[in-house]
Amino acid sequence: ARDEIARLITETGAGRVVRNGDAEALCSAVRELQQDEARRGRMGEAALQASAAFTRAKALAKWRGLFE
């Protein structure tokens with residue numbers, strides 16, 4: 001599941017992915033985003049668009065499909 005989340009984040013441009021436990025990479029990513037307002041905006045917009053695929057209605061429809 002973790003790899004799937006990382007893939008989704010990377011493919012949609014909704015954020016940065018760093019290796020688990022890599023504090024230096026996390027700090028670097030935060031610093032980069034702190035200094036780049038335009039990139040933060042693009043990532044936020046990408047995250048909003050990507051989240052549309054995960055509405056409650058869509059999740060329920062998938063669950064119902066499993067039992068039909």
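Here are some friendly notes on the structure above, one topic to a point.

1. **How far to trust the model.** Please keep in mind that this is a predicted model. The chain averages a pLDDT of 94, and 99% of its residues score at least 70. Confidence is highest in helix α2, residues 23–34, with a mean of 97. At the other end comes helix α4, residues 56–67, where confidence is lowest, at a mean of 91. A general reminder for your reading: where pLDDT is low, the predicted coordinates should not be read in detail.

2. **Where two helices meet.** Have a look at α2 and α3, which pack with their axes 6 Å apart and at an angle of about 105°. That angle makes α2 roughly perpendicular to α3, because values from 65 to 115 degrees count that way. From α2, the residues making the contact are E32, L33 and Q34. Their partners in α3 are E37, R39, R40 and M43.

3. **A buried methionine.** Is M43 buried or exposed? M43 has a relative accessible area of 11%, so it counts as buried, the cut-off being under 20%. You will find M43 in helix α3, which covers residues 37–51. Leaving out residues up to four places away in sequence, M43 touches G13, A14, G15, R16 and L33. L33 is also one of the α2 residues in the contact with α3. Try tracing the chain back from M43 to T12: these two are 31 residues apart along the chain, with their C-alpha atoms separated by 8.6 Å.

4. **A second residue of α3.** E45 is also found in helix α3. With a relative accessibility of 42%, E45 counts as partly exposed, because that class lies between the buried cut-off of 20% and the exposed cut-off of 50%. Its C-alpha atom is 7.5 Å from that of A14, although E45 and A14 are 31 residues apart along the chain. A14 appeared in the previous point too, among the residues that M43 touches.

5. **A helix in the open.** How many of the 12 residues of α4 are buried? The number is 0, so α4 lies largely in the open. From its first C-alpha to its last, α4 reaches 17 Å, close to the 16 Å expected at 1.5 Å a residue. R64 is one of the residues in α4, and R64 is exposed, with a relative accessible area of 51%. Between the C-alpha atoms of R64 and E4 there are 22 Å, and the two are 60 residues apart along the chain.

6. **Two rings on α4.** The structure holds 1 aromatic pair. Which residues form it, and how do their rings sit? They are W63 and F67, whose ring centres are 6.2 Å apart and whose planes meet at 15°, so the pair is stacked. Both W63 and F67 belong to helix α4, where they are 4 residues apart, about one turn of the helix. Each of them, W63 and F67, is exposed.

7. **Just past the last point.** E68 has its place in the segment after α4. With a relative accessible area of 81%, E68 is exposed. If you look for V17 from there, the C-alpha atoms of E68 and V17 are separated by 37 Å, with their positions 51 residues apart along the chain counted as their spacing.

How values were computed. Residues are numbered from 1 along each chain as its sequence is written. This is a predicted model: local features need pLDDT of at least 70, side-chain atom pairs count only at pLDDT 80 or more; totals for chains, interfaces and linings use all residues. Side-chain values use heavy atoms; hydrogens and water are left out. pLDDT is the predictor's confidence in each residue, from 0 to 100. Rings of Phe, Tyr and Trp (its six-membered ring) pair if their centres lie within 6.5 Å; planes under 30 degrees apart count as stacked, over 60 as edge-to-face and the rest as tilted. Buried means under 20% relative accessible area, exposed over 50%, partly exposed in between (1.4 Å probe, protein chains only). Contact means heavy atoms within 4.5 Å. The expected span of a helix is 1.5 Å times one less than its number of residues. Axes are lines fitted to C-alpha atoms, for helices over the stretch in contact, and angles run from 0 to 180 degrees between N-to-C directions. Angles under 35 degrees count as roughly parallel, over 145 as roughly antiparallel, 65 to 115 as roughly perpendicular and the rest as oblique.
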